[in-house]
Amino acid sequence: MAETLQEAPAAIDPRLAALKRIAVGPAYNEAGSIGAVIDEIRAVDREMEIVVVDDGSRDGTTDVALAKGARVLRLPFNLGIGGAVQTGYRYAHEHGFDLALRVDGDGQHDPGQLAVLAGPVLAGHADIAVGSRFIGRKGFRSSRSRRQAIRVLAWTVTLLVGGRVTDPTSGFQVANRRAIALFAAYYPHDYPEVEATVLAAKAGLRRAEVPVEMRERSAGRSSIGALRSVYYMVKVMLAVFVAVSRRPVEVPE
């Protein structure tokens, strides 16, 4: 079999190269996809540290990630996506990283879009940049029932935070040091992406959305099926209104 020659990654944005940067990948039973995710990140940025947060997986997620050379933070049991993401942000904060790329371990997020996604943060226009699959019209955008639920959430969150939100459930994000510090201390656990949008707005952080293309997950399955979409929407709406009623938190130093 002929060897496949790997192309050297293109030069990254000098503003990005000047920062201490990390990719945080929460993963639960993602042995079938996490290796490819790590390879894709390295193809874009060889100097970016990669931390996989194994959220109590029962498969070989940790073994695959270690074999690919990533650092692994292995949780003793399944905390859920919020706990796994906060663990990654805590690591980033404690180790002094300037910028964190959050990319899920299931292969839905394309690290090749890092330059576009990080743009508003590197330009100083935002503390958090979120990849939205609903600004453009390309790529995988989930089932119809889930899209409808997301639209309702987006409309509600937009009213509550005073800025346009099109994809409140997207976990494809880039965060600067202020956002890393906030999420390391306070990241929500129940419905993390939606509640985190409210949390960040109340803390005075600036949020920007960037059009991205997402893919179907390459392994495993989503924890939210079509039949649960409406139930999920009702519960997350209640959680959002509770979050709005809470006193704003200060961004830690």
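A residue is termed buried when its relative accessible area is under 20%. The legends below describe close-up views of a predicted model.

**View 1. Surroundings of Gln113 in the loop between β4 and α5.** Gln113 lies in the loop that links β4 (99–102) to α5 (114–122). Its relative accessibility is 15%, and Gln113 therefore counts as buried. Leaving out residues up to four places away in sequence, Gln113 touches Phe172, Val212 and Glu213.

**View 2. Parallel pairing of strands β2 and β3.** Strand β2 (residues 49–54) and strand β3 (residues 71–74) run parallel and are joined by four bridges. Asp54 has Arg74 of β3 as its bridge partner. Between the two strands the chain passes through helix α3 (residues 61–67), giving a right-handed β-α-β crossover.

**View 3. The largest nonpolar core.** This core comprises 29 residues, and those with the most contacts inside it are Ile22, Val53, Tyr89, Ile128, Leu182, Phe183 and Leu205. Two or more residues are contributed by each of β1 (21–27), β2, α4 (81–94), β5 (128–132), α7 (177–186) and α8 (192–202). Helix α7 supplies the largest share, six residues.

**View 4. Contacts of Phe183, and the second core.** Apart from neighbours within four places in sequence, Phe183 is in contact with Gln86, Tyr89, Ile128, Ala196, Leu199 and Ala200. Of these partners, Tyr89 and Ile128 are also listed among the residues with the most contacts inside the largest core. A second core, separate from the largest one, has 27 residues, including Ile41, Val72, Leu114 and Val210.

Technical notes. Residues are numbered from 1 along each chain as its sequence is written. This is a predicted model: local features need pLDDT of at least 70, side-chain atom pairs count only at pLDDT 80 or more; totals for chains, interfaces and linings use all residues. Side-chain values use heavy atoms; hydrogens and water are left out. Two strands pair if DSSP finds at least two bridges between them. A crossover is right-handed if, with the strands pointing away from the viewer, the path from the first strand over the helix to the second runs clockwise. A nonpolar core is a set of buried Ala, Val, Leu, Ile, Met, Phe, Trp, Tyr and Cys residues joined through side-chain atoms within 4.5 Å. Buried means under 20% relative accessible area, exposed over 50%, partly exposed in between (1.4 Å probe, protein chains only). Contact means heavy atoms within 4.5 Å.
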